[in-house]
Amino acid sequence: MGQMIELTAADGHKLAAYRANPAGKPRGGVVVIQEIFGVNSHIKSVADGYAADGYLVIAPAMFDRAKRGYDTGYTPPEIEAGRTIMQGLDWEKTMLDAAAAVAAAKAAGKVGMVGYCWGGTVTWVAAGRLSGLACATPYYGGSMANFIGEKPKCPVMCNFGELDTMPSPEQARAIAKAHPEITAHFYAGAGHGFNCDHRASYNPAASKLARERTVEFFRKHIG
C-alpha cells in the first residue's frame, strides 16, 4: 500500500501524489499519469503493481489545479465531468506538474513514465518536452494525434487498441509512421481503456501483454 504525498511544481503550485514504494532497493522510478478520473483506486492499483515490480512509483494528481482530490468512477456523467476538467487545463502547467513528479521519482535513479487515456497524451507530450525521462510508454492517448509534431527526447513505446476511436488505428499508425524511432504495438479486439479492469472496455489478454511489454521496456531503459 502506498501513501499520499505533496509535490511542488516549478511555479509554486502544490499538488498531491500517490507514492508506492518497492519492497527492496528500487530499480528506478516510474511516474504513472492518470486518466480523466483522477488518482482513483485503479490508478493506485496500477502504481502498486509497478512498485511490486521494483520501482518507486509516483502518480501525481494532475487535476489538482482545477479540482483538488478528484477521484471518480466511469459512468457517462463522470466521463463527461472529467472531460470538462481536462479541456480546461493548460498544457504548459500540466507539464510543470508532470516534471514535479519526475523530479520526485528521480530519488530512485532513472525515471520512466507511463500514462493512460488522457495520461497517455500527457506521457507523449512529456517525452518531447521534459528532460530527465529515460523512457515513456503512452497507452491509447486520445489526443496524441493533435501532438503528432512532438519530437521525443527518449525511447517511446505506445500501446494502442485496434478497436479504439481515440485515437483511431489510422491516427495511431500515422503517429508511428511520422516517428519511425518509436515502437507502436496494436492489440486486436481491444478498445479504448483496455488496460482498466474497472471499465467495461477492459481486455484481460491485451492488458496482460501490454503490461509485460511495458515492464520489459522499463527493465531495458530504467533497470
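Reader: Over the ring of which residue does the charged end of R173 sit?

Author: Good place to begin, and please keep in mind that this is a predicted model. To read such a feature, look for an Arg whose CZ is within 6 Å of a ring centre. Here the charged end of R173 is placed over the ring of F186, 4.2 Å from the centre. You can find another case at Y50, where R211 lies over the face of the ring at 4.8 Å from its centre.

Reader: How many aromatic pairs does the structure hold?

Author: There are 13 aromatic pairs. The angle between the planes tells you how to name each one: over 60 degrees is edge-to-face, under 30 is stacked, and the rest are tilted. Take F63 and Y70: their ring centres are 5.6 Å apart and the planes meet at 50 degrees, so this pair is tilted. Both of these residues are buried. F63 and Y70 also belong to one aromatic cluster together with W91, W118 and F147.

Reader: And what is the geometry of the pair formed by Y140 and F194?

Author: That pair is edge-to-face, with 5.1 Å from centre to centre and 70 degrees between the planes. It links distant parts of the chain, since its members are 54 residues apart. Y140 is in the loop between β6 and β7, while F194 is in the loop between β8 and α6. Both Y140 and F194 are buried.

Reader: Now for the interior. Which residues have the most contacts inside the largest nonpolar core?

Author: The general idea is that nonpolar side chains tend to be buried together in soluble globular proteins. In this model the largest nonpolar core has 41 residues, and V31 and M113 have the most contacts inside it. Several elements each supply at least two residues of this core, among them β2, β3, α3 and β5. If you select V31, you will find that the residues it touches include I58, P60, A101 and M113, leaving aside those up to four places away in sequence. A second, separate core has 30 residues, including V30, V46, C135 and M157.

Reader: You mention C135. Why is C135 not bonded to C154?

Author: Check the distance between the sulfurs, which must be within 2.5 Å for a disulfide. The sulfur of C135 is 6.6 Å from that of C154, its closest cysteine sulfur, and this is too far for a bond. The count of disulfides comes to zero.

Reader: Are these two cysteines buried or exposed?

Author: C135 is buried, with a relative accessible area of 0%. C154 also counts as buried, at 10% relative accessibility.

How values were computed: Residues numbered from 1 in each chain as written. Predicted model: local features only at pLDDT ≥ 70, side-chain atom pairs only at ≥ 80, totals over all residues. Heavy atoms only, no water. Phe/Tyr/Trp six-rings, centres within 6.5 Å; stacked < 30°, edge-to-face > 60°. Buried < 20%, exposed > 50% of the residue type's maximum accessible area, 1.4 Å probe, protein only. Helix = DSSP H or I, 4+ residues; strand = E, 2+ residues; numbered from the N terminus. Lys NZ or Arg CZ within 6 Å of the ring centre and 35° of its normal. Core = buried A, V, L, I, M, F, W, Y, C linked by side-chain atoms within 4.5 Å. Contact = heavy atoms within 4.5 Å.
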